[in-house]
Amino acid sequence: MGQITNLIENIATVQVVDILIALGMILFFRIFSSSFSYIIIRMFKIREKKAKNIRESAFYHPLKIFFVILGFYLAIVFLKEPCKLTDDVMFVAYKAFIIISTISFARGLAASFTPKSSFYQKIKEKTSKDIEDSMFDFALKIVRAIIYIIAGFIIITVLGVNLNGLVAGLGIGGVILTLAAQDTAKNVFAGLVVFLDKPFIV
């Protein structure tokens, strides 16, 4: 309670101008988040002429979330001295910013590997037509799972969790699960063989 009381007192003595500037920063990034996202995606899709397709890009909404969170984080950084925010508060704000940004970009990257994405359509056009759609879907699911796993490890690292013990625990747990579910593992590998050998076509 003492820290909260001190924080309220510090906020009460801060200049109104500083608070208005911080709110202005939040509103600025909130209002122009769509424009910033559109411009960034347009830079990578120069040949795309339709604004609708750019707004339907997998990274459009994650970028909007990133800019909104960036506005909040910059406002907190700006108010550090006027509000006399402690290093612990700033550290928590920094961690929250990194975690939310990681989740947003992971969702955008995973959304790029779906059957409805333009990336899927381009790869499908350049590869052999003999390859089954189910094979593509299976491969995309694996890619999305890897993306989320990497994002999870990044978040765990940001939170300060020791990955050495976690990796060791996952290794032991994996051995136990493999021994307990040998039939399931056999079915998974059999499914992979079916996908790769293509003994029949649906």
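**Figure 1. S37 is buried, with a relative accessible area of 0%, where buried means under 20%, exposed over 50% and partly exposed in between (1.4 Å probe, protein chains only).** The model is predicted, so local features need pLDDT of at least 70 and side-chain atom pairs count only at pLDDT 80 or more, whereas totals for chains, interfaces and linings use all residues. Residues are numbered from 1 along each chain as its sequence is written, and side-chain values use heavy atoms, with hydrogens and water left out. S37 belongs to helix 3; helices (H or I, at least four residues) and strands (E, at least two) are DSSP runs, numbered from the N terminus. Leaving out residues up to four places away in sequence, S37 touches Y60, L63, K64 and F67, a contact being heavy atoms within 4.5 Å. The C-alpha atom of S37 is separated by 8.1 Å from that of F59, a residue 22 places apart from S37 along the chain.

**Figure 2. Helix 3 (residues 33-44) packs with helix 5 at an angle of about 130 degrees, the two axes being 8 Å apart.** Axes are lines fitted to C-alpha atoms, for helices over the stretch in contact, and angles run from 0 to 180 degrees between N-to-C directions. Helix 3 and helix 5 are therefore oblique to each other, on a scale where angles under 35 degrees count as roughly parallel, over 145 as roughly antiparallel, 65 to 115 as roughly perpendicular and the rest as oblique. Their crossing is right-handed (the near helix is turned clockwise from the far one by less than a right angle; anticlockwise would be left-handed). On the helix 3 side the contact is made by S33, S34, F36, S37, Y38, I40 and I41, and these meet Y60, L63, K64, F67 and V68 of helix 5. Sorted by class, the residues of this contact are 8 nonpolar, 3 polar and 1 charged (Ala, Val, Leu, Ile, Met, Phe, Trp, Tyr, Cys and Pro count as nonpolar, Asp, Glu, Lys and Arg as charged, and the others, Gly among them, as polar).

**Figure 3. Helix 2 and helix 3 cross at roughly 50 degrees, and their axes come within 4 Å.** That angle makes helix 2 oblique to helix 3. From helix 2, the residues F28, F29, R30 and I31 take part, and they meet S33, S34 and F36 of helix 3. The class composition of this contact is 4 nonpolar, 2 polar and 1 charged residues.

**Figure 4. Helix 2 and helix 5 pack at an angle of about 165 degrees, with 7 Å between their axes.** Helix 2 is thereby roughly antiparallel to helix 5, and the crossing of the two is right-handed. D18, I21, A22, M25, I26, F29 and R30 of helix 2 meet a set in helix 5 made up of F67, V68, L70, G71, F72, L74, A75 and F78. This contact divides into 12 nonpolar, 1 polar and 2 charged residues.

**Figure 5. D18, a residue of helix 2 (residues 16-31), is buried, with a relative accessible area of 16%.** When neighbours within four places in sequence are left aside, D18 is in contact with F78, L79 and P82. The C-alpha atoms of D18 and L79 are separated by 7.1 Å, although the two residues are 61 apart along the chain.

**Figure 6. The structure holds 11 aromatic pairs, one of them formed by Y73 and Y94.** Rings of Phe, Tyr and Trp (its six-membered ring) pair if their centres lie within 6.5 Å, and planes under 30 degrees apart count as stacked, over 60 as edge-to-face and the rest as tilted. The ring centres of Y73 and Y94 are 6.4 Å apart and their planes stand at 50 degrees, so this pair is tilted. Because Y73 lies in helix 5 (residues 60-78) and Y94 in helix 7 (residues 87-111), the pair ties together parts that are 21 residues apart in sequence. Y73 counts as buried at 18% relative accessibility, whereas Y94 is partly exposed at 40%. Both tyrosines belong to one aromatic cluster, which is formed by F28, F29, F32, F36, F66, F67, Y73, Y94, F97 and F105.

**Figure 7. The chain contains 11 helices and 0 strands.** Of its 202 residues, 23% count as buried. Among contacts between residues at least 6 apart in sequence, 64% join residues at least 24 apart.
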